[in-house]
Amino acid sequence: MSEPTRAPLSDHTRGLLAAGIVVLCWSGFNIVSRVGSTGALTPYDIAALRFAVSGLLALPFFLRMVPVAEYPRYFVLAMVAGVGYSLLAYSGFAYAPTAHAGVFINGGIPFWTVILVAVTAGFHLSRRVLVALGTTSAGLLLIAGKSLGEIGDSDVWKGDVLFLIAALLWAVFGMLGRHWKVPPRSAIVGMAVISLVVYTPVYLLWLPKTIATAPMGEIVLQAVYQGIVAALLAGAMYTYACQTIGVYRASMTLAIVPGASAIGAWILLGEALTVTAIAGLALVSIGALLSARR
């Protein structure tokens, strides 16, 4: 008797799995970046590894997918969400713990997006969006207030500021990509290649680096995770999720990232979860969920 054939997974199920992979990738990004920025490598080293690996892997697709006439737009996107975002985020991890990155980066992106839409397009904000904005703001202020109160005793506030600016750049990237109607796959490969071309000479000539003396294990971890998982896999999976389960449902899954990052850092890195951090995470996650709904 022949064995019954298994029914293939539906596109909807595959989309949900892809969204789950994105949550793992982004949560892991916060943890791995914290490990790298507090280890032997400088933030500039980590960015160089990210762009070198992702840029070289994306180069054949970039040459085939991106018209030369569109290069200026991809240059702007790469400077905003490639070089700018990466350097700010990696630098922030040198000061602030992983839970703060989850709050200020992953919670800050929908926060800044709502602000930018309201300012640039003059949209009337619905009551639900205002509630989402207020909830997210409360979470951000809760964490920021504690960090600012420790100025002089701690540099955590510097990391929070860097994270919040990084989130702003990513929100700007989203607005520009939508305004220019840039295909998501082209945006991924375009940012990777142009970031490599622009950043590498600056890094080699002028930026501080310790990669020559860093342990090989740290180099391999950052190169693989930042260059392949964070820069390429997460983007590809998020694009697929948006196409199969819809952009709103896919974006709602990202609200899990702050909490998942904090719990992962607590388990893997031994980072403490204070009552303030838990409350801020909860508020930001609720605000992100509300922001992502249609």
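Start with Ser285: a polar atom of its side chain sits 2.8 Å from the backbone oxygen of Leu281. Keep in mind that this is a predicted model. Ser285 belongs to helix 12, which runs over residues 275-292. Is Ser285 buried or exposed? Its relative accessible area is 15%, and buried means under 20%, so Ser285 counts as buried. Leaving out residues up to four places away in sequence, Ser285 touches Ala255, Pro258 and Gly259.

Now hop over to Lys181, in the loop between helix 7 (156-180) and helix 8. Lys181 has a phi near 55°, a positive value in a residue that isn't glycine. Lys181 is exposed, with 70% relative accessibility.

Here are those two residues next to each other:

| Residue | Where | Relative accessible area |
|---|---|---|
| Ser285 | helix 12 (residues 275-292) | 15%, buried |
| Lys181 | loop between helix 7 and helix 8 | 70%, exposed |

After that loop comes helix 8, with 22 residues (184-205). From its first C-alpha to its last, helix 8 reaches 32 Å, close to the 32 Å expected at 1.5 Å a residue. Where does helix 8 bend? The bend, about 35°, is at Tyr199, and a proline, Pro201, follows within four residues.

Tyr199 turns up again in the largest nonpolar core: of its 53 residues, Phe29 and Tyr199 touch the most other members. Not counting residues up to four places away in sequence, the contacts of Tyr199 are Tyr44, Ala47, Ala48, Phe51, Val83, Leu87 and Leu207. Apart from that core lies another one, of 16 residues, including Val182, Ala187, Val189 and Met191.

Notes
Residues numbered from 1 in each chain as written. Predicted model: local features only at pLDDT ≥ 70, side-chain atom pairs only at ≥ 80, totals over all residues. Heavy atoms only, no water. Helix = DSSP H or I, 4+ residues; strand = E, 2+ residues; numbered from the N terminus. Expected span 1.5 Å × (residues − 1). Bend = angle between axes of the 7 residues up to and from the residue. Buried < 20%, exposed > 50% of the residue type's maximum accessible area, 1.4 Å probe, protein only. Polar contact = N/O pair within 3.5 Å; in protein donor to acceptor, adjacent residues only side chain to side chain. Contact = heavy atoms within 4.5 Å. Core = buried A, V, L, I, M, F, W, Y, C linked by side-chain atoms within 4.5 Å.
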